[in-house]
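Trainee: I would like to take a close look at a single part of this model, and I would be grateful for one connected account of it.

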Amino acid sequence: MSTQIITKRVSVPELRGRKSQEKIVGLTAHSCNIARVIDDYVDFILVGDSTAMVAYGHTNTLSITVDQLAAHGAAVVNATVRACVVVDMPFGSYQESPELAFRNAAKIISISGASAVKIEGGAVLATTVKFLVDRGIPVVAHVGLMPQYLNTLGGFRAQGLDEASAQRIIEDALAHEAAGAFVLVLEGIGEPLARRITGMVSIPTIGIGASPACDGQILVSEDVLGLSGSEVPRFVKQYLNGEALVRAAVEQYSVDVKNGAFPEKHHCFGFKAVK
């Protein structure tokens with residue numbers, strides 16, 4: 001008799017309960033292959049709006065749609081059994097009103113099967129966070145450097161470098177906590193501010209370019225694996241030169257094909273010949 005091992009997916013309450021406990025590990029993914037490989041090692045996977053850049057080659061995150069992220073989210077959910085999957089809400093899908101946000105969030109959740117959505121924005125969006133949470137949609141809030149606010153912020157620049165802007169980010173964080181967000185992403189802020197916010201809120205903080213002072217970290221998988229070309233944030237540690245490895249493998253494949261060097265057993269893809 002075979003024994004089936006059932007893996008329990010990390011839940012929203014479990015992630016929330018990790019505050020000030022073991023560090024929370026997160027990476028992004030937008031495809032089933034990357035998601036399948038990282039699933040054993042991370043607590044949550046973010047299907048980020050960064051998919052616009054790493055999957056579609058756009059220069060920023062603003063062009064990706066609800067339908068695209070929902071589809072990528074479904075691929076990630078289908079390929080994983082352990083990690084909690086969170087899907088970004090794209091630019092324009094939630095800012096207009098809480099009602100619009102709910103319709104789009106519900107669509108993302110129902111199509112993808114993800115456990116939660118993430119939204120970027122300051123305290124002005126706390127009402128939207130509460131509207132979603134009250135209606136059964138868990139929310140990760142994102143403050144500090146917010147890529148969807150690229151045009152307002154004047155580019156990808158560190159935030160909270162003076163006391164006035166730091167205080168504004170603190171107020172944003174506290175507003176989202178009070179509204180019911182279960183995790184808070186802090187991007188592009190210095191360690192002193194990240195440490196202050198982490199000590200002030202009762203929910204876990206996840207840093208991206210915000211120092212180890214947070215309760216966990218999230219990075220773009222392609223950045224970590226060396227698959228993003230030359231456009232890699234300075235704070236990212238690359239654990240693999242993936243581009244060089246892929247190039248070497250494809251170069252060797254090209255040589256083998258041109259030289260007819262495939263072993264006989266690979267002919268016809270291993271299928272039996274039809275008589």
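Which residue in S4 does Val86 stand opposite? And, with that settled, could you walk me through strand S6 and its surroundings?

Mentor: Bearing in mind that this is a predicted model, Val86 stands opposite Ala116 in S4, and the two strands concerned, S3 (residues 84-88) and S4 (residues 116-120), pair in the parallel sense over three bridges. Both belong to a closed barrel of eight strands that runs S1-S2-S3-S4-S5-S6-S7-S8 with parallel pairing, in which the twist from one strand to the next averages 25°.

Within that barrel, S6 covers residues 183-187, and five of its five residues are buried. Because side chains in a regular strand alternate between the two faces of the sheet, it is useful to read the two sides separately: Val183, Val185 and Glu187 lie on one side, Leu184 and Leu186 lie on the other, and all of them are buried, so that both faces of S6 are covered.

As for its partners, S6 pairs with S5 (residues 139-144) in the parallel sense over five bridges, and there Glu187 has Gly144 standing opposite. Four bridges join S6 to S7 (residues 205-208), again with the strands running parallel, and Val185 has Ile206 as its bridge partner in S7. From S6 the chain crosses through helix H9 (residues 191-200) to S7, in a β-α-β crossover that is right-handed.

Returning to the sheet as a whole, S3 and S4 pair over three bridges, while H9 packs on the sheet, touching S6 and S7, with its direction making about 170° with that of S6.

Terms used. Residues numbered from 1 in each chain as written. Predicted model: local features only at pLDDT ≥ 70, side-chain atom pairs only at ≥ 80, totals over all residues. Heavy atoms only, no water. Buried < 20%, exposed > 50% of the residue type's maximum accessible area, 1.4 Å probe, protein only. Pairing = 2+ DSSP bridges. Right-handed = clockwise from strand over helix to strand, strands pointing away. Axes fitted to C-alpha atoms, helices over the stretch in contact; angles between N-to-C directions. Contact = heavy atoms within 4.5 Å.
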